[in-house]
Amino acid sequence: MASQERDLAIHPIVAESVQHNTQIISNIRSLTSSLFGIASGILGLESYSGFIFYLLGTLLVSVLVWVLLCRRDQRSYFQSPVAELWGGDVLGGLSSFVLTWTLFYGLVRA
């Protein structure tokens with residue numbers, strides 16, 4: 001416990017920065033969810049293949065954010081990296097994915 005307190009004293013957590021980082025990740029997830037929906041609709045994916053495409057796409061986006069934005073050091077940017085970086089907004093982006101998926105599927109197949 002003492003090492004955690006010492007680490008917080010050396011590198012304090014600034015609430016505004018954590019909130020900004022979480023907002024950036026949320027914006028990235030919202031945009032990419034819609035883009036994955038557009039791609040799924042244009043490709044004509046149906047049923048489980050569309051949802052698997054979405055899950056693999058969000059995993060790819062998480063890896064890219066981890067490598068490019070966090071520089072493989074997510075502890076410096078998030079309080080709970082697993083919840084905020086790897087799992088956050090996955091279900092929230094699902095609705096925009098399904099919406100754009102069905103829209104573009106209907107436009108292409110009509």
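**Close-up views of a predicted model**

**View 1. Helices H2 and H3 meet along a shared set of side chains.** In this predicted model, Ile25, Ile28, Arg29, Thr32, Ser33, Phe36, Ala39 and Ser40 of H2 touch Gly50, Phe53, Tyr54, Gly57, Thr58, Val61, Ser62, Val65 and Leu69 of H3. Sorted by class, this H2–H3 contact is made of nine nonpolar, seven polar and one charged residues. As for the geometry, H2 covers residues 15-43 and H3 covers residues 48-69; they pack at an angle of about 145°, and their axes lie 10 Å apart. The crossing of H2 past H3 is right-handed.

**View 2. Helix H2 from end to end.** How well does the length of H2 agree with 1.5 Å a residue? The 29 residues of H2 should span 42 Å, and its end C-alpha atoms are indeed 42 Å apart, so the two agree. Along H2, the buried residues are Val18, Asn21, Ile25, Arg29, Thr32, Ser33, Phe36, Gly37, Ser40 and Gly41. It may help to recall that an α-helix has 3.6 residues a turn, so residues three or four places apart point the same way. After H2 comes glycine 44, with a positive phi near 75°.

**View 3. Serine 47 in the loop between H2 and H3.** Serine 47 sits in the loop that lies between H2 and H3. Its phi is near 55°, a positive value in a residue other than glycine. For context, most residues other than glycine have a negative phi. Is serine 47 buried or partly exposed? Serine 47 counts as partly exposed because its relative accessibility is 47%, and the partly exposed class runs between 20% and 50%.

**View 4. The largest nonpolar core.** Nine residues form this core: Ile25, Phe36, Tyr54, Val61, Val65, Cys70, Val90, Phe97 and Trp101. H2, H3 and helix H5 (92-109) each supply at least two of its residues, and H3 gives the most, with three. One of the core members, tryptophan 101, touches Gly37, Ser40, Gly41, Leu45, Glu46, Ser47, Gly50 and Phe51, leaving aside residues up to four places away in sequence.

**View 5. Leucine 99 on helix H5.** Leucine 99 belongs to helix H5. Which class does leucine 99 fall into, buried or exposed? With a relative accessibility of 58%, leucine 99 counts as exposed, because the exposed class begins over 50%. Leucine 99 and glycine 41 are 58 residues apart along the chain, and their C-alpha atoms are separated by 9.9 Å.

How values were computed. Residues numbered from 1 in each chain as written. Predicted model: local features only at pLDDT ≥ 70, side-chain atom pairs only at ≥ 80, totals over all residues. Heavy atoms only, no water. Axes fitted to C-alpha atoms, helices over the stretch in contact; angles between N-to-C directions. Helix = DSSP H or I, 4+ residues; strand = E, 2+ residues; numbered from the N terminus. Left-handed = near helix turned anticlockwise from the far one by under 90°. Contact = heavy atoms within 4.5 Å. Nonpolar A, V, L, I, M, F, W, Y, C, P; charged D, E, K, R; others polar. Buried < 20%, exposed > 50% of the residue type's maximum accessible area, 1.4 Å probe, protein only. Core = buried A, V, L, I, M, F, W, Y, C linked by side-chain atoms within 4.5 Å. Expected span 1.5 Å × (residues − 1).
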